[in-house]
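Reader: I would like a close look at a single part of this structure, with the accessibility of its residues and the contacts of its side chains set out carefully. Please take me through it in one connected account.

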Amino acid sequence: MIQVHNLHFAFERTPIFNGLELQIEQGEILSIIGPNGCGKSTLLRLLRGHLRPQKGDIRWDQTPLVQMSSRQLARQVAMVPQTTHVDFPFTVREMVAMGRYPHRQGLFTLTTGEDDKAVQEALALTDVVELAERQVTQLSGGELQRVLLARALAQTTPVLFLDEATSHLDIDHRLELAELLVRLNREQHKTIIQVSHDLDLAAAISHRILMFSNHGEIIALGTPQQVMTAANLQRLFRVDLRVETNPYTGTPQITPLINTA
């Protein structure tokens, strides 16, 4: 679905990617893990066209990214950022409705029944219906994060990008988000690419995991069982840990070994 070939990118004199090759399959959940500064978020921005590579090719369904308009991309992929700062007191419903703009003919055109249905479904899926008339400037970080997810879902795209979207969520909403992503993938066949520092959760829900080194090189790419090995994780994060099999999910479970002596 998304093809990356010989991708080179650097911020001024700081190289991030040097010949990256990657194929993202339609209908998969792909989690990207790695240390801070390794290029995880940068890759999402490159795939969405927010950054231009110095060299290489990115294609969506064989169409070169450089030939796609911003509206075309907005109908293909929605983004849930790690965080955002909102100064204007939009209501939650207004914020979520912004996700419908790529499907409207103009900024000031009237909403349709399809728009209203998409917004209401997104509010319900993210458990923010009761917040619908609250101003977003009055929300906690976790509440705002769920609203940003609702806005992305209201966009009704086949692809969803999440950049550390669970970082501000309590454990109950973190688990609810994970279950929602699995349900969207199974029921709507949505392709999901997420950047995550929650290794256990990434292992539990992902079809494949992409592991970057701190130099933007692929250390491993494959199933959670193939990638989440003690050797890979120790090389990446330089900590002692144990990798076992979760008895409930059958997926890798990572336990850091803390010296309390």
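Author: Glu176 has a relative accessible area of 39%, which means that it is partly exposed, since that value falls between the 20% and 50% cut-offs. The model is a predicted one, and in it Glu176 belongs to helix α6, which covers residues 171-188. On the surface, Glu176 joins Asp170, Asp172 and Glu179 in a patch of negative charge.

Helix α5 offers another setting for charged residues, because 12 of its 14 residues are buried and the helix is largely enclosed by the rest of the structure. Among the buried residues of α5 are Glu143 and Arg146, together with Leu144, Val147 and Leu148. The helix runs over residues 141-154, and its end C-alpha atoms lie 20 Å apart, in agreement with the 20 Å expected at 1.5 Å a residue.

Both of these charged residues take part in salt bridges: the side chain of Arg146 meets that of Asp127 at 3.9 Å, N to O, and the side chain of Glu143 meets that of Arg134, also at 3.9 Å, N to O. As for the partners, Arg146 is buried at 11% relative accessibility, whereas Asp127 is partly exposed at 46%, and Arg134 is likewise partly exposed, at 31%. Across the whole structure, a search finds 7 salt bridges, and one of them joins the side chains of Asp57 and Arg59 at 2.5 Å, N to O. Asp57 is partly exposed, with a relative accessible area of 25%, and Arg59 is partly exposed at 28%.

Methods:
Residues numbered from 1 in each chain as written. Predicted model: local features only at pLDDT ≥ 70, side-chain atom pairs only at ≥ 80, totals over all residues. Heavy atoms only, no water. Patch = residues over 30% accessible without salt bridge, like charges linked within 9 Å, V, L, I, M, F, W, Y side chains within 5 Å. Areas by Shrake-Rupley, 256 points an atom, 1.4 Å probe, with all protein chains shown as cover. Salt bridge = Lys/Arg side-chain N within 4 Å of Asp/Glu carboxyl O. Lys, Arg positive; Asp, Glu negative; His and termini not counted. Charge placed at Lys NZ, Arg CZ, Asp CG, Glu CD. Helix = DSSP H or I, 4+ residues; strand = E, 2+ residues; numbered from the N terminus. Buried < 20%, exposed > 50% of the residue type's maximum accessible area, 1.4 Å probe, protein only. Expected span 1.5 Å × (residues − 1).
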